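Open your viewer and have the selection box ready. Each stop below tells you what to pick and what you will find there.

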Amino acid sequence: MKAEEHFGSVAWEYDKMRKTGVVGYLVKKEAVAIFSILNVSSGDEVLDLGCGSGYYSELIKFRGGIPYGVDISANMIK
């Protein structure tokens, strides 16, 4: 299965899957690691490649940044 087809088919459940269980735990740890390096400040423009449903774009906005999300799956962006 191609990546676009896969993520298009799981788009509606993707956020739920990434917020619970072991995957949810790992996603939170990953976010801490990413933002300890990324250091987003107010007004920073950040390109979120493979943004999926926008999890990291939301965290970028929360920190005052301006995210630009790009993803291969239109369903994920919706």
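The tour goes from the whole chain to single helices and then to a few loop and strand residues.

**Before you start**

This is a predicted model, in which local features need pLDDT of at least 70 and side-chain atom pairs count only at pLDDT 80 or more, while totals for chains, interfaces and linings use all residues. Residues are numbered from 1 along each chain as its sequence is written, and side-chain values use heavy atoms, with hydrogens and water left out.

**Stop 1: the whole chain**

Show everything as a cartoon. The protein has four helices and two strands; helices (H or I, at least four residues) and strands (E, at least two) are DSSP runs, numbered from the N terminus. Follow the chain from the N terminus and the elements come in the order α-α-β-α-β-α. Taken along the principal axes, the C-alpha atoms fill a box of roughly 35 × 25 × 15 Å.

Now colour by accessibility. Of the 78 residues, 29% are buried; buried means under 20% relative accessible area, exposed over 50%, and partly exposed in between, with a 1.4 Å probe and protein chains only. Among contacts with a separation of 6 or more, 38% join residues 24 or more positions apart, where contact means heavy atoms within 4.5 Å.

**Stop 2: helix 2**

Select residues 21-38. Helix 2 has 18 residues, and from its first C-alpha to its last it reaches 26 Å, close to the 26 Å expected at 1.5 Å a residue. The expected span is 1.5 Å times one less than the number of residues.

Which residues of helix 2 are buried? Show Gly24, Val27, Ala31 and Phe35 as sticks: these are the buried ones. They lie on the same side of helix 2, because they cover an arc of only 55° around the axis; the arc is that of the directions from the helix axis to the C-beta atoms. The buried residues of helix 2 pack against helix 1 (3-19) and helix 3 (55-62).

Turn the view around to the face of helix 2 pointing away from its buried side. There you can pick out the exposed residues Val22, Tyr25, Val32, Ser36 and Ile37.

**Stop 3: where helix 1 meets helix 2**

Add helix 1 to the selection. The axes of helix 1 and helix 2 come within 5 Å and cross at roughly 80°. Here axes are lines fitted to C-alpha atoms, for helices over the stretch in contact, and angles run from 0 to 180 degrees between N-to-C directions. That crossing makes helix 1 roughly perpendicular to helix 2, a label used for angles of 65 to 115 degrees, with under 35 roughly parallel, over 145 roughly antiparallel and the rest oblique.

To see the contact itself, select Met17, Arg18 and Lys19 of helix 1 with Val23, Gly24, Val27 and Glu30 of helix 2.

**Stop 4: the end of helix 2**

Step on to Asn39, just after helix 2, in the loop between helix 2 and strand 1 (45-49). Is Asn39 buried or exposed? At 59% relative accessibility, Asn39 is exposed. Its phi is near 55°, a positive value in a residue other than glycine. Most residues other than glycine have a negative phi.

**Stop 5: helix 3**

Select helix 3 and show Tyr56, Ser57 and Ile60, its buried residues. Their arc around the axis is only 105°, which puts them on the same side of helix 3. The buried residues of helix 3 pack against helix 1, helix 2, strand 1 and strand 2. Just after helix 3, look for Gly64, with a positive phi of about 95°.

**Stop 6: strand 2 and the loop after it**

Pick Gly69 in strand 2. Gly69 is partly exposed, with a relative accessible area of 43%. Leaving aside neighbours within four places in sequence, Gly69 is in contact with Asp48, Cys51 and Ser57. Measure from its C-alpha to that of Asn39 and you should get 18 Å, for two residues 30 apart along the chain.

Next, go to the loop between strand 2 (66-70) and helix 4 (74-77), where you will find Ser73. Ser73 is buried, at a relative accessible area of 2%. Beyond its neighbours within four places in sequence, Ser73 is in contact with Glu4, Phe7 and Gly8.

Ile72 is also in the loop between strand 2 and helix 4, but Ile72 is exposed, at 54%. For a last distance, join the C-alpha atoms of Ile72 and Ser9: they are 63 residues apart in sequence and 13 Å apart in space.
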